Amino acid sequence: MSLGLETTVPKPILHIPYAYVMAVTFSMPVSALVSCVFLAYVLHFEGATTTHCKVPNFIPSISAVMGGHTPERYIWRLLMALFSFPRLFDGLLYYNFFSLSLSNRMTWYRWLNRTVLFLHLWQYVSLFQLSYISSKENFTWHRNGFIGFVVCSVLHMLAFLLLFRAGRKPLTRKDRLSLRVRGVCTIIHYLTLLISSYVYWRHNTYCEPYMYSWYSLCEYVVVLSNIAFHSAAFLDLGRDYYISIAPPSRLECH
């Protein structure tokens with residue numbers, strides 16, 4: 001008499017489309033930014049817009065919004081903590097996503113995929129650093145976190161576009177739309193960084209009224225263009241991936 005074994009796969013307890021997870025995730029930094037700017041205007045306008053030049057400004061910088069005062073500081077840090085973990089997971093998801101391509105047989109493609117993963121992870125480590133260490137608490141660490149975030153975001157955008165173009169063949173209509181959205185976000189991101197560098201130089205050199213506010217506006221555009229770039233994941237992963245939680249499988253004897 002033979003003993004038959006059959007694996008029984010239980011039904012999942014929870015089965016959520018990944019698009020829903022991304023919708024909640026990407027709403028967190030936008031909600032944090034809007035609420036913190038609003039509270040800074042209402043509660044701490046003078047303190048949030050004051051610089052070493054002692055000239056008037058009409059909008060606070062992101063650094064002042066995220067770490068200058070409470071409760072803004074707590075709101076920003078809480079939502080960034082909730083936002084960062086799923087985004088780190090997305091980097092691993094994309095690494096596997098691109099590894100499935102036929103181009104993965106090529107050495108340069110595999111190295112580019114690893115580079116994109118590293119830049120993605122380090123970008124969010126830097127974001128975590130500048131979010132949790134304000135410029136008032138430790139300017140050097142905050143500045144280094146900001147530089148790390150900007151450098152990694154710039155390199156990641158370009159490397160991701162190259163990897164996407166090489167790995168997705170032939171391109172579907174959804175792929176072309178994703179590339180177009182990311183391409184526009186990348187151009188806006190790069191141009192705004194160049195403009196912000198010039199405006200920041202003018203602010204420090206001439207201490208002109210409202211000049212730091214224009215730099216602050218550039219900061220907001222840089223952050224929002226980065227969020228929009230990553231939110232194109234809706235087009236790549238949103239409909240095809242799910243998060244499932246199920247009891248362990250069981251072996252049954254027959």
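R182 and D236 are both buried in this predicted model. The two side chains form a salt bridge, with the closest N and O atoms 2.8 Å apart. This pair links distant parts of the chain, since R182 lies in helix 7 and D236 in helix 9 (residues 233-236), 54 residues apart. R182 also lies over the face of F229, at 5.0 Å from the ring centre. The briefing below covers salt bridges, the disulfide and other cysteines, aromatic contacts and a surface patch.

**Salt bridges**

- The count of salt bridges in the structure comes to five, and the pair of R182 and D236 is one of them.
- Another salt bridge joins R87 to D90, where the closest N and O atoms are 2.2 Å apart.
- R87 and D90 both belong to helix 4 (residues 72-99), and because they are three residues apart there, about one helical turn separates them.
- R87 and D90 are each buried, as are R182 and D236.
- A further salt bridge is formed by the side chains of E208 and R202, at 2.4 Å from N to O.
- E208 is partly exposed, its relative accessible area being 21%.
- R202 is likewise partly exposed, with a relative accessible area of 23%.

**Disulfide and other cysteines**

- The structure contains one disulfide, and its partners are C53 and C207, with an S to S distance of 2.0 Å.
- The link of C53 and C207 is left-handed, with -60° about the S-S bond.
- C53 is placed in the loop between helix 2 (45-49) and helix 3 (62-67), while C207 is placed in the loop between helix 7 (173-206) and helix 8 (211-231); the disulfide therefore ties together parts that are 154 residues apart in sequence.
- C53 counts as buried because its relative accessibility is 13%, which falls under the 20% limit for that class.
- C207 is partly exposed, with 28% relative accessible area.
- C152 is buried, at a relative accessible area of 6%.
- C218 is also buried, with a value of 10% for its relative accessible area.

**Aromatic pairs**

- The count of aromatic pairs comes to 20.
- Y41 and F45 form a stacked pair, because their ring centres are 5.4 Å apart and their planes stand at 25°, an angle under the 30 degrees required for stacking.
- Both members of this pair have intermediate accessibility: Y41 is partly exposed at 36%, and F45 is partly exposed at 27%.
- F160 and F164 form a tilted pair, because their ring centres lie 6.1 Å apart with the planes at 35°.
- F160 and F164 are four residues apart in helix 6 (residues 139-167), so about one helical turn separates them.
- F160 is buried, with 2% relative accessibility, and F164 is buried, with a relative accessible area of 0%.
- Ring pairs connect F160 and F164 with Y94, F97, F98 and F229 in a cluster.

**Charges over rings**

- F229 belongs to the cluster of linked rings and also has R182 over its face, at 5.0 Å from the ring centre.
- R182 thus has two contacts described here, because a charge within 6 Å of the ring centre and within 35 degrees of the ring normal counts as sitting over the ring, and R182 is also the salt-bridge partner of D236.
- The charged end of R114 sits over the ring of W111, at 5.1 Å from the ring centre.

**Nonpolar surface patch**

- F38, Y41, V42 and L43 make a nonpolar surface patch of about 420 Å².
- Y41, one of the residues in this patch, is located in helix 1 (residues 18-43).
- Y41 counts as partly exposed because its relative accessibility is 36%, a value over the 30% needed for a residue to join a patch.
- Y41 therefore takes part in the patch as well as in the stacked pair with F45.

Key. Residues are numbered from 1 along each chain as its sequence is written. This is a predicted model: local features need pLDDT of at least 70, side-chain atom pairs count only at pLDDT 80 or more; totals for chains, interfaces and linings use all residues. Side-chain values use heavy atoms; hydrogens and water are left out. A disulfide is a pair of cysteine sulfur atoms within 2.5 Å. Helices (H or I, at least four residues) and strands (E, at least two) are DSSP runs, numbered from the N terminus. Buried means under 20% relative accessible area, exposed over 50%, partly exposed in between (1.4 Å probe, protein chains only). Rings of Phe, Tyr and Trp (its six-membered ring) pair if their centres lie within 6.5 Å; planes under 30 degrees apart count as stacked, over 60 as edge-to-face and the rest as tilted. Patches are made of residues with over 30% relative accessible area and no salt bridge: like charges are joined within 9 Å, nonpolar side chains (Val, Leu, Ile, Met, Phe, Trp, Tyr) within 5 Å. Accessible areas come from the Shrake-Rupley method with a 1.4 Å probe; for residues, only the protein chains shown count as cover. A salt bridge is a side-chain nitrogen of Lys or Arg within 4 Å of a carboxyl oxygen of Asp or Glu.
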